[in-house]
Amino acid sequence: MTETATNYAPLTVETLPGRLGGIKAIADRLGADTSKWRSKEVGDGNLNLVFIVESDQGKVIVKQALPYVRLVGDSWPLPLKRAYYEYNALIRQAERDPGIVPEVYHFDEEQAIIAMEFLHPHIILRQSLMAGQKIDGLAETLGKFLARTLFRGSDLSMDTAKRKADVRLFAESVELCDITETLVFSDPYFEAERNHHTPGLDPIVRELRADIDLKVGAQDMKAKFANNAETMLHGDFHTGSVMVTPTDTKVIDPEFALYGPMGFDIGMLLGNFWMAYFAQPGHGADRAEYQEWILGVVDGIWAEFSTEFSRLWREERTGILYERSLFEDQGQPLGSEQALAARLQMIWEDTLGFAGVEIIRRTLSLAHIAENDSIEEEALRADCEGRGLRLGRQLVVNRGHMGAMASVNDLARQIAQEATV
Ligand code: SR1
Ligand code: MG
């Protein structure tokens, strides 16, 4: 999509106070005297500008999309409209699970700007995973957030008109979907131009790219991603999209929001936890107990998700699917329980498959993860990443034959203990 001519201009720390000073929702929080505002640009993600703007009165986050991919530069144009999808996703997530995403104060579509709540003293979850910090309530918050946003954005909850209007809105986010379709599901499996990987992985990369079962499995997952508009997804739900304090968890950055399969958000998140698990030897000598904590979080997220999803199924199933009039109202509550179990099984298998492709793409495609990138010793980095690739392959290929989360975590433990990869 080409941008039509607009007055769009990227903010700078110098221009920001003058440009945003007249916006009441921001001035209410920072004061009207913009000479007292101080801004700094702190964006460390792959795509956008992010400013912390503060005064003696308060702090605000100002996020602005750039017309290109920041990670790559202006050789890769990207529509500003992603801010519109992010804004729409944020307000829906806030309704579906209040208190977990930052409050939006102001949205300017032409300038692709979202002014929102400054989360303090939160840090990005990846940083906390590298530092070996435990977060109280992490699994509970993330599992419930997943269940509530995925259930309440789906045909299980929404009426047909609202749901179709939403599908239409997010279906126009073509370029961001294309990024995921390409970087997540295809590039890792051949020598694509933007790929890069740690040289020590060459033998396993050759093996994986020759692995037909894996490639077919990855394409099966891509077909689900592209064809199954099951619910509104966050769309980029990795541990860089979560902010934490030792006792609080928030979710940010849903600019990749789209309608897709529930297991995509869950799998992407779990895949990132499993990578953080394998990366621990690169961040401290004695991380065995912390590694177990990470696996406990994975277990807890799935348990919370399935418990809360089941509760919502029983209490809030007001949409167009599996209507109560067909089951409970006919004196057949067991019928809806049977359907629930089948849905959870499908989401489980999708979750494992998407976790597997996420691990593989974060190791071989364009965008990697800080937990691995920051391991300076190349042989150690290759070792951590290689273990992740082993698990990723198993998750994609064997997703239909894996029982409970305990056995998947056992597989991760076993791969972590193997002498070499
Ligand atoms: C070109 S964007 C690369 C990656 O960064 C985002 O966070 C998404 O994960 C995307 O795949
Ligand atoms: Mg992001």
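1. In this predicted model, the side chain of Asn-46 places an N or O atom 2.6 Å from an oxygen atom of ligand 1. Asp-236 does likewise through its side chain, with an N or O atom at 2.6 Å from a ligand oxygen. For Arg-361 the corresponding side-chain distance to an oxygen atom of ligand 1 is 2.8 Å. With a cut-off of 3.5 Å for a pair of N or O atoms, these pairs count as polar contacts.

2. Ligand 1 on its own exposes 310 Å², and 95% of that area is buried by the protein. The space that the ligand takes is the largest pocket.

3. The surroundings of ligand 1 comprise 13 residues, and those that come nearest are Asn-46, Val-69, Asp-236, Arg-361 and Arg-362. By class, the shell has 8 nonpolar, 2 polar and 3 charged residues.

4. As to where the shell comes from, two or more residues are given by each of the helices α7 (174-185) and α12 (333-364). Both domain 1 (16-117) and domain 2 (123-417) supply at least three residues to the shell.

5. Two backbone features deserve a look. The peptide bond between His-120 and Pro-121 is cis, with omega at about 5°. Pro-121 sits in the loop that runs between β7 (113-117) and β8 (123-124).

6. The other is Ala-112, a residue other than glycine with a positive phi, near 55°. Ala-112 lies in the loop between β6 (104-108) and β7.

Definitions and conventions. Residues numbered from 1 in each chain as written. Chains lettered and ligands numbered in written order. Predicted model: local features only at pLDDT ≥ 70, side-chain atom pairs only at ≥ 80, totals over all residues. Heavy atoms only, no water. Near = heavy atom within 4 Å. Polar contact = N/O pair within 3.5 Å; in protein donor to acceptor, adjacent residues only side chain to side chain. Areas by Shrake-Rupley, 256 points an atom, 1.4 Å probe, with all protein chains shown as cover. 1 Å grid on protein atoms, 1.4 Å probe; cavity = no way out; pocket = protein on both sides within 12 Å on 5 of 7 lines; lining within 4 Å. Sits in = over half its atoms within 2 Å of the grid points. Helix = DSSP H or I, 4+ residues; strand = E, 2+ residues; numbered from the N terminus. Nonpolar A, V, L, I, M, F, W, Y, C, P; charged D, E, K, R; others polar. Domains from an automatic or database assignment.
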